[in-house]
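Work through these exercises on aromatic contacts. Each task is followed by a stepwise solution.

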Amino acid sequence: MLVRSGVSWDKTSDVVIIGYGIGGAVSAITAAESGAEAIILEKQSPETKHNNTSMSGGIYITPPDVQSGLEYMTALCRVAGMPNMLWTDRAIIRAWAEYAATGRQWVEERGGSIFPNPGVGEHPQLPGGAMLSKHRFRGMGIGLARFLDDQVKAKKVSVLYETRAVRLLTNLRGRVVGVEAETTQNGQTRRLRIRASRAVVLAPGGFEYDEETKLNYLRVYPTYFTGSAALTGDGIRMALDVGAQLWHMNCVSARLVMKFPGIANAFTPDHLGKAALGKGPGKGDEAIPVTSGYIIVDGDGRRYTSENIAGHALYYELALFDTHRLVYPRVPSYIIFDRRRLENGPLPLVTSGPAGQTGIYRWSADNGKEVERGWIKTADTVRGLARKVGISAEALERTVKTFNRYCEKGKDPDFSRKTKELIPLESAPYCAVDLWPGGPNTQGGPRRNSRGQILNADGKPIPGLYGCGELGSVYGMLYPGGGGNITEGFAFGRIVGENAAREKGVS
Ligand SMILES: Cc1cc2nc3c(=O)[nH]c(=O)nc-3n(C[C@H](O)[C@H](O)[C@H](O)COP(=O)(O)OP(=O)(O)OC[C@H]3O[C@@H](n4cnc5c(N)ncnc54)[C@H](O)[C@@H]3O)c2cc1C
């Protein structure tokens with residue numbers, strides 16, 4: 001929105017940052033370290049603030065050097081089968097690789113408490129993919145948020161809580177010169193105009209809880225997310241209002257999630273059960289003992305993919321549409337398991353998301369409360385379970401019998417399931433939960449360049465406007481693997497903080 005000269009401002013700072021997740025925090029810390037005054041606007045209150053950063057697993061990735069980072073990211077961004085068509089510009093890929101390769105050093109120099117996390121890139125078959133290493137914050141997402149808080153305080157960045165940015169303010173030349181926000185104190189809402197003498201940074205997260213935007217841009221509907229319900233696409237609207245170009249709007253890091261009435265957030269299933277909690281320093285996936293089985297079936301009661309899913313890309317398989325029946329046969333899908341998994345710890349992941357440390361929902365240790373609520377359906381026979389779920393009893397029984405036969409033989413000729421996961425479903429009660437397309441986060445938003453400047457429809461930077469975090473992420477369809485968004489939050493937070501602080505700005 002245009003502001004005329006002579007307008008009165010309630011506050012002024014060199015750099016005004018919207019959103020206090022990893023993108024906002026790292027850009028503020030870096031701007032302050034580069035000599036600029038920075039202020040963060042955060043719409044939640046300090047007591048109730050849960051964002052994707054604090055709800056995350058706190059994992060991030062480090063390529064061993066710039067060259068391997070460059071190779072992996074270029075391969076990920078290559079649109080299937082088209083060597084020269086990339087989801088993301090080469091200059092951005094290089095900036096990502098340069099900053100990702102030094103991300104761990106940046107954290108350690110500032111006293112971040114991290115430890116090695118097993119695993120490599122999600123697509124190790126791509127060049128550079130098997131060379132990535134991972135680290136995790138002690139205390140996971142909450143530990144990461146605490147580290148950022150300490151740094152923000154140490155750098156004397158002020159945070160205005162309960163202050164929701166509503167629109168970006170521009171001058172006659174189209175430069176972004178400030179932010180209009182709403183703040184609520186003692187039940188009273190008032191408008192604030194905050195002037196940015198150098199730049200505004202847009203880092204309010206994605207559109208996970210904006211149904212209209214999801215319907216119009218994502219590949220399948222509904223899609224549910226496991227992160228903060230405060231991510232309502234505000235950044236998309238603010239960016240469009242000043243003429244920004246959007247990109248990566250149909251890209252998500254997502255898979256299949258559980259969603260129940262009355263709880264805004266979805267839950268990620270912990271397929272393997274409490275054995276997965278044995279994960280820790282030095283323990284890779286292969287070291288995890290598997291003691292209970294499960295399969296995933298579609299609405300026709302059939303398996304359709306390997307359950308050894310690429311954790312952040314399975315989503316794309318769910319968009320299959322049946323043009324005769326006019327349904328998405330994989331929406332919902334169902335996870336089918338038996339007593340052994342029911343007794344093997346909470347059904348959702350408790351290392352992140354709403355059943356994690358944020359305590360949004362306390363899932364019972366034995367899944368009993370959730371069986372009572374009807375979230376987990378149970379029956380004494382597979383046929384009985386199918387009837388409860390509403391899928392063909394014959395089809396589900398056939399699928400389970402076939403899977404059990406594969407378990408006996410130790411080989412899954414249909415989808416090459418890992419041998420150690422071939423554990424038959426044979427002990428009642430048999431259980432099922434609906435699974436929906438969804439996952440941690442959206443990646444779409446305003447397009448940026450390698451300096452983190454937000455671009456207009458002609459591909460030119462909108463003066464005075466930067467972006468970082470998952471809103472308008474640099475990732476296209478494929479995600480590098482668990483740790484990608486935190487890595488990007490550090491990388492582009494630093495890039496944006498450095499460049500925003502260098503802006504000459506306006507008087
Ligand atoms: C359950 C879960 C687990 C994950 N695990 C990992 C992991 O281990 N590793 C990894 O790399 N990634 C992980 N991710 C993804 C990653 O956490 C996020 O993509 C990343 O933290 C996003 O950071 P952000 O700063 O862009 O957004 P956020 O951290 O969500 O912060 C955005 C902030 O902006 C505020 N805001 C929104 N609108 C406004 C407005 N109008 N005005 C003012 N403030 C506003 C919000 O309240 C919020 O505090 C996970 C995500 C989830 C949900």
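**Exercise 1.** Classify the accessibility of tyrosine 224, then place its ring partner.

Solution. Tyrosine 224 has a relative accessible area of 22%, so it is partly exposed; buried means under 20%, exposed over 50%, partly exposed in between (1.4 Å probe, protein chains only). The model is predicted: local features need pLDDT of at least 70, side-chain atom pairs pLDDT 80 or more, while totals for chains, interfaces and linings use all residues. Residues are numbered from 1 along each chain as its sequence is written, and side-chain values use heavy atoms, without hydrogens and water.

Next, the partner. Tyrosine 224 pairs edge-to-face with tryptophan 436, at 6.0 Å centre to centre and 85° between the planes. Rings of Phe, Tyr and Trp (its six-membered ring) pair if their centres lie within 6.5 Å; planes under 30 degrees apart are stacked, over 60 edge-to-face, the rest tilted. Tryptophan 436, at 18% relative accessibility, is buried.

**Exercise 2.** How many aromatic pairs does the structure hold, and how is the pair of tyrosine 20 and tyrosine 161 oriented?

Solution. The structure holds 19 aromatic pairs. Tyrosine 20 and tyrosine 161 are tilted, with 55° between the planes and 6.4 Å between centres. Now check burial. Tyrosine 20 is buried at 4%; tyrosine 161 is partly exposed at 25%.

**Exercise 3.** Which charged end sits over the ring of tyrosine 20?

Solution. It is that of lysine 49, 4.0 Å from the ring centre. The criterion: NZ of Lys or CZ of Arg within 6 Å of the ring centre and within 35 degrees of the ring normal. Likewise, arginine 417 sits over tyrosine 294, at 4.5 Å.
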